[in-house]
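User: Got a minute for this one? I'd like to go through the charge pairs, then some helix packing.

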Amino acid sequence: MIPTDAQLVGRAQAGDVEALCELVERHRVVALRVGYTIVGDEAEDVVQEAFVKAYASLDRFRDGAPFRPWLLRIVANELRNLHRAAGRRAARERSAWQRTEPLLALPPDEDPAAAALSGERRVELVRGLAALSEVHRQVVTCRYLLDLDEAETAAVLGWPVGTVKSRLHRALGRLSAALAEAGPGGAGGVGGVGGVGGADGAEVGRGA
């Protein structure tokens with residue numbers, strides 16, 4: 001039986017190194033992809049440091065709380081500290097997107113979080129993201145391509161949940177327009193991102 005995050009955290013808090021290693025392995029890929037989204041080339045070093053800080057803070061982890069949002073908040077804080085300290089934000093953002101784009105385009109069989117998207121559709125979507133602003137690209141990437149929920153997206157980007165919702169709404173509208181301009185294959189599809197449909201799909205057509 002596969003242990004839950006809560007069980008692994010409890011064992012890690014008691015000094016079980018194997019449980020800690022399993023937690024790191026379980027969440028390493030999404031942490032790295034968040035890192036590449038924000039800072040690009042330096043993501044691996046920053047994420048490694050974030051895991052060290054998470055381990056040092058396990059005694060303050062609240063019992064019953066979900067582990068992934070807590071971990072991603074630590075990762076995001078480390079990433080933002082580097083991003084602010086560097087003073088070369090535009091260059092970092094370009095580097096981040098260059099490193100993230102091929103990772104996000106992996107087909108579903110290599111990326112379980114993207115199982116709802118076909119490989120071809122996923123590549124098309126990632127290309128459409130290149131036309132968005134950095135803010136809009138980050139929110140769509142976190143929410144749908146990294147499969148984070150709204151609370152996790154807010155933690156990673158350092159925004160209130162309401163800001164995530166409003167920026168995501170605008171981003172999906174602009175992404176829909178970008179895909180429509182790209183050709184017939186792109187005109188219909190943002191409503192299918194990560195299973196989004198229905199009301200969200202209708203909203204996309206009205207996005208500013």
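Analyst: Sure. This is a predicted model. Start with R137: its side chain forms a salt bridge with E134, and the closest N and O atoms are 2.5 Å apart.

User: Where do R137 and E134 lie?

Analyst: Both are in helix 7, three residues apart. That is about one turn of the helix.

User: R137 first: buried or exposed?

Analyst: Buried. R137 has a relative accessible area of 10%, and the cut-off for buried is under 20%.

User: And E134, buried or exposed?

Analyst: E134 counts as buried, at 15% relative accessibility.

User: Why would two such side chains pair at all?

Analyst: Opposite charges can pair when the charged atoms come close.

User: Which residues are joined into a network by shared salt-bridge partners?

Analyst: D5, E22 and R26 form one network. Within it, the side chains of E22 and R26 meet at 3.3 Å, N to O.

User: How many residues apart are E22 and R26?

Analyst: Four, within helix 2 (residues 17-38), so about one helical turn separates them.

User: What about accessibility for E22 and R26?

Analyst: E22 is partly exposed at 32% relative accessibility. R26 is partly exposed too, with a relative accessible area of 33%.

User: How many salt bridges does a search of the whole structure find?

Analyst: Seven. One more to look at is D16 with R11, a salt bridge at 3.3 Å, N to O.

User: What is the accessibility of D16 and R11?

Analyst: D16 has a relative accessible area of 26%, which makes it partly exposed. R11 is at 34% and also counts as partly exposed.

User: OK, packing now. How do the axes of helix 7 and helix 8 cross?

Analyst: Helix 7 covers residues 134-145 and helix 8 covers residues 150-157. Their axes come within 9 Å and cross at roughly 140°.

User: What do you call that orientation?

Analyst: Oblique. An angle over 145 degrees would count as roughly antiparallel, and roughly 140° is not over that, so helix 7 and helix 8 are oblique to each other.

User: Left-handed or right-handed crossing?

Analyst: Helix 7 passes helix 8 in a right-handed crossing.

User: Which residues make the contact?

Analyst: From helix 7, Q138, V139, C142 and R143. From helix 8, E150, T153, V156 and L157.

User: What's the mix by class?

Analyst: Four nonpolar, two polar and two charged residues make up the contact of helix 7 with helix 8.

Methods. Residues numbered from 1 in each chain as written. Predicted model: local features only at pLDDT ≥ 70, side-chain atom pairs only at ≥ 80, totals over all residues. Heavy atoms only, no water. Axes fitted to C-alpha atoms, helices over the stretch in contact; angles between N-to-C directions. Helix = DSSP H or I, 4+ residues; strand = E, 2+ residues; numbered from the N terminus. Parallel < 35°, antiparallel > 145°, perpendicular 65-115°, else oblique. Left-handed = near helix turned anticlockwise from the far one by under 90°. Contact = heavy atoms within 4.5 Å. Nonpolar A, V, L, I, M, F, W, Y, C, P; charged D, E, K, R; others polar. Salt bridge = Lys/Arg side-chain N within 4 Å of Asp/Glu carboxyl O. Buried < 20%, exposed > 50% of the residue type's maximum accessible area, 1.4 Å probe, protein only.
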